[in-house]
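Hi everyone, thanks for coming. I'd like to walk you through a few spots in a structure that is probably new to you, so let's bring it up.

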Amino acid sequence: MSLTEVRRLDATEHGLTSERVSPNALDVTAKLQAAGYAGLIVGGCVRDLLLGLTPKDFDVATDATPEEVRDLFRRSRLVGRRFRIAHVRYGRELIEVSTFRRAVAEEEDERAHSAAGMILRDNVYGTLEEDAFRRDFTINALYYDPQTEEILDYVGGLEDLESGHLRFIGDAATRVREDPVRALRAIRFQAKLDCDLDPEISQCLPEAASALAAVPPARLFDEIQKILMSGQAERAWEFLVATPLRAALFPGCDPNDPLVPRAMRNTDDRIREEKPVTPGFLLAVLLWADYQARVADLLEEMKPAEARGHAATDCLAEQQQIMAVPRRFSQFIREVWQLQERLIGRQPRAIHRLAGHARFRAAYDFLLLRAEAGDTSIGTDEEAAAITEAAEWWTRYQEVSESERKTMIEERRGTAPGKKRRRRRRRKSPASTDGNDTAA
Ligand code: ATP
Ligand code: MG
């Protein structure tokens, strides 16, 4: 059965040359074709190339089964259960090879779907045409055949790409019910490609938000990480905040928290400048207001240091129910938070050690962010001033020579919280902070 007419564009029409395709992906398609299988470049990479963007990775589609692909490529292995594919490794580059699949109707196989209509397994193979229709967005369902240099479009993806339209293939509500993560993908592509969301997509976002609870937390974290590290996090966040998805993902986050967009802009800038980034930092920012609120509550029952420890544990544990934040990141977040008070308190004995702490740089960046953005979770003006003062102090500390650092520490010795400090310091008000309890 033919679902639709395929649109074929040759090289002169689409302008995409195989020089822009990863040689490794070309190697995969060539070997597949030489072995008698289909081998096509597909998905986000074709979309990105047509838009003049550099693809993050290259995906290949084939009619060979995952096992057949594995037998054909020495450096390959099979991954995924819900969606079984072959990974072919070329040094640091990984080519994902997926077998043509078809959508399985709920009536056809009940076990392939949850009661809510979510796809639990997606391993029924099909034809190229069926494979096009089971993909999420029209612009993600374009195939490039390196041998003929043709682009194949079964779903009107080329037209949507030209007009900057993000549209699901088929009924949006059904596609989101099948896989609520597609709603997050929509937001990510909207931000990355600067395209318009089809109104049908916007309409089904509330339903998607409630359905996210049924998505395995590990998969949700993967998708969140992609959004945070997309280089367009600030814009994606702006979109997320305007939808119920924000509350489903980060219930404790204040949508008006000024720290969040600012931190995301920093991260986006760093990605553009090819500086190292970590999702841990943005998660620490996203969860900060919730953490602070918990600290405030717990302070009624326990000492500050203890309250902070418990607040961090509770906050992270609750977030883990939604998305599986890997341990290395949750540890990072915890450390960055705990270092805040110590950086503000600047106990003279601890300064040298603090500056050498593995998380110093991240914690300092966090402090700077709080000072610059006007952290709304800060109680009093005095506390806000203390943060600004500490941030400036640490900035200077990092800029000056070793001997000047010693002087700075010496100065701090004379300024243990209280009167002495007030006399010595001429300009800034001392604004004692609750960071002074760090020795507790
Ligand atoms: P990018 O690599 O820039 O994140 P992408 O579109 O390539 O974007 P991938 O996650 O690499 O995204 O997926 C490759 C292709 O697989 C997609 O273009 C799409 O055709 C298909 N796909 C991925 N996830 C889904 C999904 N949840 N539902 C349907 N199709 C999907
Ligand atoms: Mg991809």
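Let's begin with Q340, which you'll find in helix α18. Please keep in mind that this is a predicted model. Is Q340 buried or exposed? Its relative accessible area is 0%, and because buried means under 20%, Q340 counts as buried. Its side chain has a partner too: the backbone oxygen of V336 lies 3.1 Å away from it. And if we skip the neighbours within four places in sequence, Q340 is in contact with W288, A363, F366, L367 and R370.

One of those names, W288, takes us to our next stop, since W288 is among the buried residues of α16. That helix covers residues 288-298, and eight of its eleven residues are buried, so the rest of the structure largely encloses it. Which ones are buried? They are W288, A289, D290, Y291, Q292, R294, V295 and L298. And what do they pack against? Take a look at α14 (259-272), α15 (279-286), α17 (304-322), α18 (327-345) and α20 (360-373). You'll recognise α18 there as the helix that holds Q340.

Now let's move to another part of the chain. P146 sits in the loop that links β7 (142-145) and β8 (150-153). Although in a loop, P146 is buried, at 13% relative accessible area. Beyond its neighbours within four places in sequence, P146 is in contact with L26, T29, G39 and I41. As for A132, 14 residues away along the chain, its C-alpha atom is 17 Å from that of P146.

That's my tour, and I'm happy to take questions!

Notes:
Residues numbered from 1 in each chain as written. Chains lettered and ligands numbered in written order. Predicted model: local features only at pLDDT ≥ 70, side-chain atom pairs only at ≥ 80, totals over all residues. Heavy atoms only, no water. Helix = DSSP H or I, 4+ residues; strand = E, 2+ residues; numbered from the N terminus. Buried < 20%, exposed > 50% of the residue type's maximum accessible area, 1.4 Å probe, protein only. Contact = heavy atoms within 4.5 Å. Polar contact = N/O pair within 3.5 Å; in protein donor to acceptor, adjacent residues only side chain to side chain.
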